[in-house]
Amino acid sequence: MKMDLTKEERLEVILMSAKFRETGTVDDKPRSGRPKTATGKETSTMVLAAFAKSPQCSTRRLAAECGVSQSSLVRILHNNNLARMAESEPVPLPVQSGEKRGCSEDKDEEDTPSKKPKIESEQENEDAPNQDEEEVEAGDEEEDGETFADMMKHGQTEIDVGILKYVCDHKGFSGILKERYSDFVVHEINKQGKIVHLDDLSIPADIQEAPETEVVPNDIEVLTEEQKKLLGELQLFRNKEGSVSIEIIDDTKEKRTQVHKAIKTQFPGLESKTEVKEGGKFIVAYHTAGKTALAEVKTTAEAPRKHFWPKNRGSFCHFVLYKENKDTMDAINVLSKFLRLRHNMFSYMGTKDKRAITVQEIAVHKITAERLAHLNKNLISLKLGNFSYKKHPLKLGELQGNHFTVVIRNISGTDEEVHQAMTSLRQKGFINYYGMQRFGTTAVPTQQVGRAILKNDWEEVVDLILKPRPGAEKEFLVRCREEWAKTQDPEAALKKLPNKRCVEGQLLRGLSMYGKKNIITAFGLIPRNSRLMYIHSYQSVVWNTLVSRRIEAFGLKAVEGDLVLRETTAHVLSAEEAESHSIHDIVMPLPGFDVIYPSHHIGAGYRELLSADGLDIDNMRHKVKDYSLAGAYRRVIIRPTDVSWEVIRYDDPKISLVHSDFEKLKNKPPPVFNKEGKYRALKMEFSLPPSTYATMAIREVLKLDTSIKKQTELNTLSFN
């Protein structure tokens, strides 16, 4: 007998059947205590069954009913294509289950424009606002709230940030971008023009850890099994606030040195000091992240010893950082904690995407390659290699660009349509828009905060950052915003945050320290790069908007009144000069006090746009020097180099379609494609200069809106 079931009822039957086969029952097991975060089969089945019963129920209520954290619930829905995103911008979207790579574990950052910046120089191709938040599990959730699809409707679309035009008129096609983080691979191109790869984990033979000629005894000879067990637990954060004391029975300097070196080399992340207590000498080991243990040791321990550094060795150890699904600054935070260093001891040429596999060069001051290499056994989603010593650090913007390997899954275009689109990208390029990740993904765009900063409207700045907002946010942030709206008490709102390092936490801490009448000083507690992110995003939306107007007015050719660069100086084209230039030569300014504007009517559009926002284009200097905008010039059209592509077929949607550097190091075979496979994907490679967005190149190929809001709508329609 055929039964007419709704989609939700059919899904529930399938899920309940799977649960019965797995557990022998369809009953839910009793739950108590802290919400679960695991996304195993049992938990996934329970969540999906609850979703099938109440597809319109809020994620908060579903999480509470299922006894899991909201982040885990969203992860499960995401993994089962119930909330799939095509673009991975700074939204707390979890990694899909089954994303297994070779690595063993688990932006916007710009220099302040100099007084005379003539050519825009940024750190990366795909920069995204980084509020430096930690993943914190949500507690009990409110009963009422929005569905997941509703939460995603509050973001911006490309139209909202001035992204309107295309270079070519080929037919676009659909596809899924960043369905897995391994579908987006970025290799830095260094200042010598070489693509950076991780292909060597060894330590160069000429590196010596210390000047002593004697052989350092192995830790087996120095440390007992019990001591090694305690040190190992301390190293793995199981005893984060504690310390391990090792008594030196036969006290000699040589014996103490051996113990110190054994701890240092065999247990990276631990530090040790000699301490006199109870009439004897002890070596006290403590974790670099253990604040209490560190404070105790500092009160009794001798001064830190200076490590020997050969004079003929460069002061900076350069190495290649390979990371998976981790932000560059998060990766440096991990390394700095293990090595007990300040963040500014590291230097790099640019930050890279979080939701991707990325490879880039990093430099650190006076840390040996041996110490860095020892970290590899403890790092999650990170690997270090290709060590060398040099006399200089790295500088932001020194890179020549980035090389991208991108997989777009489930494409709808024919082979001919793909060929036409990719050929057009290679020959004509794409409009050099600032991508969607430049503008944030919440209901309060970053450019609105930037505009308020430039207008000196500091109460508006605080309101925009702290006020309650619709959309996808962690529960502790929701509670914090509600407390602020209700009490306007920074200390009370701050108590709602388990993590005080987010932008909201830093601002509230500043307000509690300096008061609501000293907002500028309080705002200064937010990391400088995050503060500058706001005003740079305002510049960016102005640039996008005026470039779209310029292309609408004059098309893709150089015209009288356009700007070109002659070395570092902008020059206005005459009608005769325009005949000998192409659109690829044209630049447009980001607004500032040290740039000139096109002499045609688009130049006047800058003044009109800023005036409508309450800003004076003739007075872009701010009373706070950091927020003074000098301006810069940016090319209108970018033509990628090293463009190649292939259409591949595959059967398993969970497999990686790119052979990573780490997999090559482990001699793992490359992915094998089935020519008769069920699914089709476009695998493309190309190189871009700094300060350009790969997502905008992909947009030109697909002719699709790359915003999370639009992609969510498309995925919701496809599911229904």
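**Exercise 1. A buried pair.** Let's start inside this predicted model: Glu179 and Arg409 are both buried. Find out how the two side chains interact and which parts of the chain they belong to.

*Solution.*
Step 1: Look for the closest N and O atoms of Glu179 and Arg409; they are 4.0 Å apart, and the pair forms a salt bridge.
Step 2: Place each residue. Glu179 sits in the loop between strand 1 (176-177) and strand 2 (184-189), while Arg409 belongs to strand 10 (residues 401-409).
Step 3: Put these together. The two parts are 230 residues apart in sequence, so the salt bridge ties them together.

**Exercise 2. Another long-range link.** Which residue is the salt-bridge partner of Glu398, and how exposed are the two residues?

*Solution.*
Step 1: The partner is Lys191, with 3.7 Å between the closest N and O atoms.
Step 2: Glu398 is found in the loop between strand 9 (382-390) and strand 10, and Lys191 in the loop between strand 2 and helix 6 (219-222). This pair, too, links distant parts of the chain, 207 residues apart.
Step 3: Now check the exposure. Glu398 has a relative accessible area of 22%, and Lys191 has 34%. Partly exposed covers the range between under 20% (buried) and over 50% (exposed), so both Glu398 and Lys191 are partly exposed.

**Exercise 3. A pair within one helix.** Describe the contact between Arg479 and Glu475, and say whether each residue is buried or partly exposed.

*Solution.*
Step 1: The side chains meet in a salt bridge, at 3.8 Å from N to O.
Step 2: Both residues lie in helix 15 (residues 475-487). They are 4 residues apart, which is about one turn of the helix.
Step 3: Arg479 counts as partly exposed, at 29% relative accessibility, whereas Glu475 is buried at 2%.
Step 4: Finish with a look at shared partners: salt bridges join Glu179, Asp183 and Arg409 into one network. For the wider setting, a search of the whole structure gives 20 salt bridges.

**Exercise 4. Two cysteines.** How many disulfides are there, and why is there no bond between Cys480 and Cys502?

*Solution.*
Step 1: The count is 0 disulfides.
Step 2: Take Cys480, which is in no disulfide; the nearest cysteine sulfur is that of Cys502, 7.0 Å away.
Step 3: Compare this with the cut-off. A disulfide needs the two sulfur atoms within 2.5 Å, so at 7.0 Å the sulfur of Cys502 is too far from that of Cys480 for a bond.
Step 4: Check the surroundings as well. Cys480 is buried, with a relative accessible area of 2%, and Cys502 is buried at 0%.

**Exercise 5. A sheet of 3 strands.** In what order do the strands of the open sheet lie, and which are the edge strands?

*Solution.*
Step 1: The order is 3-5-4, with antiparallel pairing.
Step 2: Strand 3 (243-247) and strand 4 (270-277) are the edge strands, each pairing on one side only.
Step 3: On average, neighbouring strands of this sheet are turned by 25° against each other, direction ignored.
Step 4: Zoom in on one pairing. Strand 3 and strand 5 (residues 280-287) run antiparallel and are joined by 5 bridges. Ile246 stands opposite Ile283 of strand 5.

**Exercise 6. The whole chain.** How many helices and strands does the chain have, and what percentage of its residues count as buried?

*Solution.*
Step 1: There are 24 helices and 18 strands.
Step 2: Of the 720 residues, 53% count as buried.
Step 3: Turning to the surface, the chain exposes about 32,700 Å², and carbon and sulfur atoms supply 49% of it.

Key. Residues numbered from 1 in each chain as written. Predicted model: local features only at pLDDT ≥ 70, side-chain atom pairs only at ≥ 80, totals over all residues. Heavy atoms only, no water. Buried < 20%, exposed > 50% of the residue type's maximum accessible area, 1.4 Å probe, protein only. Areas by Shrake-Rupley, 256 points an atom, 1.4 Å probe, with all protein chains shown as cover. Pairing = 2+ DSSP bridges. Axes fitted to C-alpha atoms, helices over the stretch in contact; angles between N-to-C directions.
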